[in-house]
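I set out to examine one helix and a group of charged side chains. These entries record what I looked up.

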Amino acid sequence: MKEISEVEKDLAAVRQALDRSGKFLSLHGLSGVLAGFYAILGASYAYFLLYFPNSPIGFRFYFINERHVLIQLIGCAFAVLTLSLVTGFWLSYRKAQRLSLTFWNETSKQLLFKLAIPLVSGGLFTLILVLRGYYGIAAPALLLFYGLALLNASSNLYKEIQLLGFCQIALGLLCALWPGYGLIFWTLGFGVLHVLYGVLVHRKYDA
Amino acid sequence: MKNPFENLDKILEHRTRLQIMSVLATTESYDFNSLKEILQTTDGNLATHLKALEKEKYIAIHKSFIDRKPNTRYKATEKGKTSLKKHFDALDELIKQQRK
């Protein structure tokens with residue numbers, strides 16, 4: 001005869017297996033904090049390049065349609081992206097070892113695939129926009145695609161990532177409504193939101 | 001009164017098999033080593049249970065080679081998914097009856 005405690009154990013085992021199978025548990029909260037920090041540094045660099053000594057909502061000395069400024073800005077964005085990715089991979093790899101999980105497993109492959117589709121298509125789309133001179137909608141486009149990528153991958157991550165995705169999409173739309181303020185919205189989206197989200201995840205899951 | 005134990009699936013009463021079926025029912029497919037990692041079990045143990053599930057046609061097996069290394073993927077069949085659902089319904093029923 002099957003006892004009720006046995007049923008409970010069955011269900012607990014199923015839950016544990018499902019948690020381990022579906023979620024990429026190795027993601028480290030601090031990688032979010034650091035990614036946000038790099039983004040804020042990058043944004044400060046862009047601010048000094050474009051606006052200093054004026055406020056970021058005021059008069060500019062340079063505009064991004066000047067070639068050397070554009071190249072410097074794109075270089076800065078790529079540096080922030082690369083640093084964030086390297087940090088994220090490194091911290092997650094260490095956490096995977098600590099949890100005795102394989103870093104490159106079924107879930108991380110799925111996760112990467114789900115993230116990559118919106119991100120790569122969005123990134124290429126934004127590059128095309130920039131090359132064609134549509135600077136005003138390049139900034140909101142990246143925020144939007146990033147938000148969509150997060151939502152797409154949220155089933156493989158902590159559920160909090162869904163909220164982060166929605167916030168990035170909202171920021172992207174607002175950013176599209178106020179062209180010319182891309183830097184502020186990027187600082188909010190890629191900087192402040194990442195730091196907040198990273199702290200939240202770190203306190204909840206990295207214990 | 002109906003006996004809820006009748007509806008329990010004999011195959012799925014084993015905990016590891018229940019775990020395997022749950023994982024496979026919620027994902028597209030899974031390979032042996034990843035399953036082993038999730039369930040934290042041994043090669044032999046996992047292989048035995050997978051064989052039992054395959055015999056009942058609860059799971060389907062796809063064998064292929066990746067870089068000349070054999071890669072075996074497991075997938076839940078429709079029959080397996082239906083049986084799993086029935087088994088969970090029976091467990092549900094069981095809990096409800098015990099609460100009364």
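The entries below treat the helix and then the salt bridges.

Entry 1, model. I note that this is a predicted model.

Entry 2, length of α7(A). I checked the span of helix α7 of chain A, which covers residues 182-205. At 1.5 Å a residue, its 24 residues should span 34 Å, and I find the end C-alpha atoms 32 Å apart, which agrees.

Entry 3, bend. Where does α7(A) bend, and by how much? I find a bend of about 30° at His194(A). His194(A) is also among the buried residues of this helix.

Entry 4, burial and packing. I looked up which residues of α7(A) are buried. They include the glycines Gly182(A), Gly189(A), Gly191(A) and Gly198(A). Also buried are Leu183(A), Phe185(A), Phe190(A), Leu193(A), Tyr197(A) and Val201(A). Against which helices do the buried residues of α7(A) pack? In chain A, I find α2 (29-50), α5 (138-153) and α6 (160-177) as their packing partners.

Entry 5, salt bridges overall. I then turned to charged pairs and obtained a count of eight salt bridges over all chains.

Entry 6, Glu6(A) within its chain. I find a salt bridge between Glu6(A) and Lys9(A), with 3.7 Å between the closest N and O atoms. Both residues belong to helix α1 (residues 4-22) of chain A, where they are three residues apart, about one turn of the helix. I recall that an α-helix has 3.6 residues a turn, so residues three or four places apart point the same way. Lys9(A) has 46% relative accessibility and therefore counts as partly exposed. Glu6(A), at 31%, also counts as partly exposed.

Entry 7, Glu6(A) across chains. Which residue of chain B forms a salt bridge with Glu6(A)? I find Arg15(B), whose closest N and O atoms with Glu6(A) are 3.1 Å apart. Arg15(B) lies in helix α1 (residues 15-26) of chain B and Glu6(A) in helix α1 of chain A, so this pair joins two chains. The relative accessibility of Arg15(B) is 27%, so I class it as partly exposed.

Entry 8, a pair in chain B. I find Glu13(B) in a salt bridge with Lys10(B), the closest N and O atoms being 3.7 Å apart. Glu13(B) is partly exposed, at 25% relative accessibility. Is Lys10(B) buried or exposed? Its relative accessible area is 61%, so Lys10(B) is exposed.

Entry 9, network. Last, I traced salt bridges that share partners: they join Glu6(A), Lys9(A), Asp10(A) and Arg15(B) into one network.

Definitions and conventions
Residues numbered from 1 in each chain as written. Chains lettered and ligands numbered in written order. Predicted model: local features only at pLDDT ≥ 70, side-chain atom pairs only at ≥ 80, totals over all residues. Heavy atoms only, no water. Helix = DSSP H or I, 4+ residues; strand = E, 2+ residues; numbered from the N terminus. Expected span 1.5 Å × (residues − 1). Bend = angle between axes of the 7 residues up to and from the residue. Buried < 20%, exposed > 50% of the residue type's maximum accessible area, 1.4 Å probe, protein only. Contact = heavy atoms within 4.5 Å. Salt bridge = Lys/Arg side-chain N within 4 Å of Asp/Glu carboxyl O.
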